[in-house]
Amino acid sequence: MDTREMGWRPAERVRGMGESVFTEMTELARRTGAVNLGQGVPELDGPRPLLEEAAAAVLAGANQYPPAYGFPALREAVAGHQRRRYGLEYAPQGEVLVTTGATEAIAAALMALCDPGDEVLAFDPCYDAYPAVARFAGARLVPVPLAEETAGEATGGTAGGAPGFALDLDALRAAVTGRTRVLMLNTPHNPTGKVFTAAELAAIAELCRERDLTVVTDEVYEHLVYDDAPHRTIAALPGMRERTLTISSAGKTFNVTGWKVGWVCGPARLVSAVAAAKQFLTYASGTPYQEALARALGGVEEWAGELRRTLRRNRDLLSEGLTRAGLRPYRAEAGYFLQADIRAWGHADGVRFCRELPLRAGVVAIPTSAFQLAPDAPSHLVRFSFCRREKSVIEAVEKLIAAA
C-alpha cells in the first residue's frame, strides 16, 4: 500500500497551519488497526469521586457561564496548590485565571505579551502549539535546540542510564536578540520527557533577569515526574515571580483531557493582560468541571501518586521493550512520552519510519520532526506514548519485538 494514501503530509506541512500530526496519526491507526502509541490520550479514566462531582454539578444546574476569571472556589484551590507545593503566594482574585485548557492559556499569554515582529524563544523540539500561537500573535518563534546526551553522559533514569536531553546555555544566550520578549519554557518537557534541573533553571532565570525577558512556563505534567525527581517551577526562583506566568491544567493530572480546564498564575499586571486576550477566545467555559475540580485539587497528591506508579510501570515496560527491539530509548523523566533512536532499524528519517511502522509492526508513533523547528535538527528520533492501559503497552512492545 502506498502510505501517501493514508492521509500523510510532509513534515513541513505538519509544522505549518495544516492538519495536525495527531489527527493524521490517529487516522492512520484507525485505518490500519495499529496500537496507537502516538497520541497522548490516556486510556485510564479520572478518579471516580471527581467524575461524580462533575455529574452532580451538571444536575444541580451549574451549566451557565462561570465568572470571566473562573469559578472562585477553583481559583482559591489553585492558589492553595501553588502555596503548598512551591511556597508561592498568589491572590485568587487577580493573580489566578482559569482557562479553557493550557493551550488557550498559552495562546492568550503570547497574544497579550507580544507585538508583531517580536520573538519568542522555545526549546527545540517543542509542543507544536507553540509556533502556531506565536504566529497568531504576529510573533516569530525562535528554536533553541536541546542538547542530546551521549551514552557516556547519561546518568540515572530508565533503561540503565539511557541518554537524555540537556540545556545548551550557549545556544540559549546566542538566540536572544533585541526583539526577544518571551521565553516559552516547558518543564516537564513534551516531547522529550525532560525535567529541567535546578542548575539549568537557575541559569535560565539569570539570563531572563539580565535580558528582561518574561517567562511563560507550561507545567501541565508537574505531577507526573518519576524516579523521585522533584518538579521545580522557575517562578519560585529569586526575582522570577514578577516576570513569570505559570500555566498548568487538570487534564493530564486527573486523566480528564476532554474537560479542557487550565489555569494561569502570575502577577496581576500580567494575568490581567492574559485575561484581556482570553475574553475574545472563549470568554469562559466548563462550569461543572470547574466546580468539581475545586473540591478535588486539595487531594491531588494521593491520586497523582497512584497515577505516577501506573505510568512509571508503563514507561519501564516500553523502554525495556524498545531496547529488546533494537530501538534505543532515551530517558523519560516525566510526562507521557519517550524518545527512541530508530537508526538500528536501518532508518534515519523518522517521518518515513512512522509511515511504515503500522504496516511493519502494527504500532503507531509520532516523528519527532513534527515538533522540531531548527532546519538542522536530527531526524532519527520518534516519540512513543505510554499513557495507555498496561495491556496496550505490552501488546505494542510484543509487536515491535516481533518486527525487529
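Why is helix α11 largely enclosed by the rest of the structure? Of its 10 residues (287–296), 8 are buried, so the rest of the structure largely encloses α11.

## Ground rules

This is a predicted model, so local features need pLDDT of at least 70, side-chain atom pairs count only at pLDDT 80 or more, and totals for chains, interfaces and linings use all residues. Residues are numbered from 1 along each chain as its sequence is written, and side-chain values use heavy atoms, with hydrogens and water left out.

Helices (H or I, at least four residues) and strands (E, at least two) are DSSP runs numbered from the N terminus.

## The enclosed helix

Back to α11: its buried residues are Thr287, Pro288, Gln290, Glu291, Ala292, Leu293, Ala294 and Ala296. Buried here means under 20% relative accessible area, with exposed over 50% and partly exposed in between (1.4 Å probe, protein chains only).

The cover over those residues includes α3 (48–59), α4 (72–86), β2 (96–99), α9 (251–254) and α12 (300–324). Contact means heavy atoms within 4.5 Å.

## The seven-stranded sheet

One open sheet has 7 strands in the order β2-β10-β9-β8-β7-β3-β4, with mixed pairing. Its edges are β2 and β4, each pairing on one side only, and neighbouring strands are turned by 20 degrees against each other on average, direction ignored. Two strands count as paired if DSSP finds at least two bridges between them.

At one edge, β2 runs antiparallel to β10 (residues 262–265) over 4 bridges, with valine 98 bridged to tryptophan 263. At the other, β3 (residues 119–124) and β4 (residues 140–145) are parallel over 6 bridges. The chain gets from β3 to β4 through helix α6 (residues 129–136), in a right-handed β-α-β crossover; right-handed means that, with the strands pointing away from the viewer, the path from the first strand over the helix to the second runs clockwise.

Two helices lie across this sheet's strands. α4 crosses β2, β9 (244–249) and β10 at about 120 degrees to β2, while α8 (residues 198–211) crosses β3, β7 (180–186) and β8 (214–218) at about 165 degrees to β7. Axes are lines fitted to C-alpha atoms, for helices over the stretch in contact, and angles run from 0 to 180 degrees between N-to-C directions.

## The four-stranded sheet

A second open sheet has 4 strands, ordered β11-β12-β15-β14, with antiparallel pairing. Its edge strands are β11 (328–329) and β14 (366–367). Inside it, 5 bridges join β12 to β15 (residues 381–385). α12 lies across β11, β12 and β15 at about 10 degrees to β12, and α13 lies across β14 and β15 at about 45 degrees to β15.

Aspartate 341 is worth a look: this β12 residue counts as buried at 7% relative accessibility. Leucine 381 in β15 is its bridge partner. Aspartate 341 also touches Leu327, Arg328, Tyr330 and His380, among others, not counting residues up to four places away in sequence.

## A helix pair

α13 (residues 350–361) and α14 (residues 390–403) pack at about 90 degrees, axes 9 Å apart. That makes α13 roughly perpendicular to α14; angles of 65 to 115 degrees count as roughly perpendicular, under 35 as roughly parallel, over 145 as roughly antiparallel, and the rest as oblique.

In this contact, Leu357, Arg360 and Ala361 of α13 meet Lys399, Leu400 and Ala403 of α14. The residues split into 4 nonpolar, no polar and 2 charged, where Ala, Val, Leu, Ile, Met, Phe, Trp, Tyr, Cys and Pro count as nonpolar, Asp, Glu, Lys and Arg as charged, and the others, Gly among them, as polar.
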